[in-house]
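Biologist: I'd like a close look at just one part of this model, a pocket. Please walk me through it slowly, and then follow its residues out into the rest of the chain.

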Amino acid sequence: MERQVRALANRDTQIGLYLNVLPDCTSGPLPTIRLVTAPVAGKVVVKSAKAKATNYKACLALEVPAYVAFYKAPPEFLGDDALTIEVKYQGGRTEIQKITVKVGGPGGQQKI
């Protein structure tokens, strides 16, 4: 699976949301996430979160635990960066996600 994400330099940008919703709308075991190929310029971090969704498959409303992956480029970086994430679900299903991050400005001048 390959995809592109747009980001600003020096800003956390969500690049992935990983959860496991069972047919009864409860959460199954969360997947294992591994950084196969690190980005050259930026950093990737994964944080625990709660994912809320409505009208997701047969679930009208749900709130389940999730992992959220973020990418952050240094303030001076502009251009493309790339990384590969491996997501392993219980039961043996594995996804390889190749993500290209297109980093634009301005990001360096903006204070948070």
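Modeller: Here's a tour that begins with the pocket and works outwards.

Before we start, this is a predicted model, so local features need pLDDT of at least 70 and side-chain atom pairs count only at pLDDT 80 or more, while totals for chains, interfaces and linings use all residues. Residues are numbered from 1 along each chain as its sequence is written, and side-chain values use heavy atoms, with hydrogens and water left out.

Now the pocket. The largest one holds about 190 Å³ of space. (A pocket is an open set of points on a 1 Å grid over the protein atoms alone where a 1.4 Å probe fits, with protein on both sides within 12 Å along at least five of seven lines; the points are joined across faces, edges and corners, and the volume is the space filled by probe spheres set on them.) Its lining, meaning residues with an atom within 4 Å of a point, is made of Leu-17, Leu-19, Asn-20, Val-21, Tyr-56, Lys-57, Tyr-89, Gln-90 and Arg-93. Sort them by character and you get 5 nonpolar, 2 polar and 2 charged residues. (Here Ala, Val, Leu, Ile, Met, Phe, Trp, Tyr, Cys and Pro are nonpolar, Asp, Glu, Lys and Arg are charged, and the others, Gly among them, are polar.)

Let's pick Lys-57 from that lining. Lys-57 sits in the hairpin of S4 and S5, which has 2 residues between the strands, and takes a positive phi near 50°. Those strands, S4 (residues 43-56) and S5 (residues 59-72), run antiparallel and are joined by 13 bridges. (Strands are DSSP runs of E, at least two residues long, and helices are runs of H or I, at least four long, numbered from the N terminus; two strands pair if DSSP finds at least two bridges between them.) Further along the pair, Lys-50 stands opposite Pro-65 in S5.

Asn-55, in strand S4, also has a positive phi, near 55°. That's worth a second look, because most residues other than glycine have a negative phi. With a relative accessible area of 59%, Asn-55 is exposed. (Buried is under 20% relative accessible area, exposed is over 50%, and partly exposed is in between, with a 1.4 Å probe and protein chains only.)

Across the hairpin, S5 holds Cys-59, which is linked to Cys-25 in the loop between strand S2 (13-18) and S3, 34 residues away in sequence. The two form a disulfide, with sulfur atoms 2.2 Å apart (the cut-off is a pair of cysteine sulfur atoms within 2.5 Å), and the count for the model is 1. The torsion about their S-S bond is about -100°, so this disulfide is left-handed. Cys-59 is buried at 3% relative accessibility, while Cys-25 is partly exposed at 25%. Cys-25 has a positive phi too, near 70°.

Back to the lining for Arg-93. Its side chain meets Glu-95 in a salt bridge, 2.9 Å from N to O. (A salt bridge is a side-chain nitrogen of Lys or Arg within 4 Å of a carboxyl oxygen of Asp or Glu.) Both partners are partly exposed, Arg-93 at 47% and Glu-95 at 21%.

The whole structure has 3 salt bridges. Another joins Glu-86 to Arg-34, with the closest N and O atoms 3.1 Å apart. Glu-86 lies in strand S6 (residues 79-88) and Arg-34 in strand S3 (residues 32-37), so the pair ties together parts 52 residues apart in sequence. Glu-86 is buried at 13%, whereas Arg-34 is partly exposed at 43%. Then there's Asp-80 with Lys-102, whose closest N and O atoms are 3.0 Å apart. That pair links strand S6 to strand S7 (residues 94-104), across 22 residues.

Zooming out, the chain has 0 helices and 7 strands. Of its 112 residues, 33% count as buried, and the C-alpha trace spans about 45 × 30 × 20 Å along its principal axes.
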